[in-house]
Amino acid sequence: MRNDEIWSHVDRKWIEENSGAVEKMEESSYRLLNAIVEKLDFNGIRTEREVLLGEPHIRILEDAEKEKVDAIIIGNRGFSKIKRFFLGSVAQRVISEAKCPVLVTHSETEY
């Protein structure tokens, strides 16, 4: 399983050595997010778009609690058991720690 303490040092070192990379990734993430939201039909549903930086499951849970959301909808890439063991699963962590219902959609699902 991923050791978050060790990886945070690796991640921080990479960010320090690649100044500007985080901003580029954030810009790219917003472009992708906007393209996805525009493609889907959210007629009558209020949507907000935000790119969160940090450990995914922690940021999702913190934001959900701060915003007092009714439910979390999260995608699942469908890692094999072996990959999930070594990499962990954001969806699994969110499911087990969320204080609200969580709906998981699989990556093979077409919208």
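In which helix does Asp63 lie? Asp63 is found in helix α3, and this helix is a convenient place to start a tour of the model. The structure is a predicted model, in which local features need pLDDT of at least 70 and side-chain atom pairs count only at pLDDT 80 or more, whereas totals for chains, interfaces and linings use all residues. Residues are numbered from 1 along each chain as its sequence is written, and side-chain values use heavy atoms, with hydrogens and water left out.

The protein chain contains 5 helices and 2 strands; helices (H or I, at least four residues) and strands (E, at least two) are DSSP runs, numbered from the N terminus. Read from the N terminus on, the order of elements is α-α-α-β-α-α-β. Confidence comes as pLDDT, the predictor's score for each residue from 0 to 100. The protein chain has an average pLDDT of 78, and 68% of the residues score at least 70. Helix α3 has the highest confidence, at 93, while helix α4 (residues 81-87) has the lowest, at a mean of 58. Where pLDDT is low, the predicted coordinates should not be read in detail.

Of the 111 residues in the protein chain, 14% are buried, where buried means under 20% relative accessible area, exposed over 50%, and partly exposed in between (1.4 Å probe, protein chains only). The exposed surface of the protein chain is about 9200 Å², with 55% of it supplied by carbon and sulfur atoms; these areas come from the Shrake-Rupley method with a 1.4 Å probe, and for residues only the protein chains shown count as cover. Contact here means heavy atoms within 4.5 Å. Among contacts between residues at least 6 apart in sequence, 59% join residues at least 24 apart.

The largest nonpolar core has 7 residues, namely Leu61, Ala64, Ile72, Ile74, Ala91, Val94 and Cys100. At least two residues of this core come from each of α3 (56-67), β1 (72-76) and α5 (90-97). A nonpolar core is a set of buried Ala, Val, Leu, Ile, Met, Phe, Trp, Tyr and Cys residues joined through side-chain atoms within 4.5 Å. Core member Val94 is in contact with His57, Ile60, Leu61, Ile72, Ile74 and Val102, leaving aside neighbours within four places in sequence.

How do α3 and α5 meet? Their axes come within 9 Å and cross at roughly 35°. The contact is made by Pro56, His57, Ile60 and Leu61 of α3 together with Val90, Arg93, Val94 and Glu97 of α5. Axes are lines fitted to C-alpha atoms, for helices over the stretch in contact, with angles running from 0 to 180 degrees between N-to-C directions. Within α3, His57 counts as buried because its relative accessible area is 7%. Not counting residues up to four places away in sequence, His57 touches Val90, Arg93, Val94 and Glu97.

Returning to Asp63, this residue counts as buried because its relative accessibility is 17%. Apart from neighbours within four places in sequence, Asp63 is in contact with Glu50 and Leu52. The C-alpha atoms of Asp63 and Leu52 are separated by 8.8 Å, with the two residues 11 apart along the chain.

Two loop residues complete the picture. Lys68 lies in the loop between α3 and β1, and counts as exposed because its relative accessibility is 68%. The phi of Lys68 is near 55°, a positive value in a residue other than glycine. Most residues other than glycine have a negative phi. Phe42 lies in the loop between α2 (21-39) and α3, and its relative accessibility of 31% makes Phe42 partly exposed. Leaving aside neighbours within four places in sequence, Phe42 is in contact with Val37 and Thr47.
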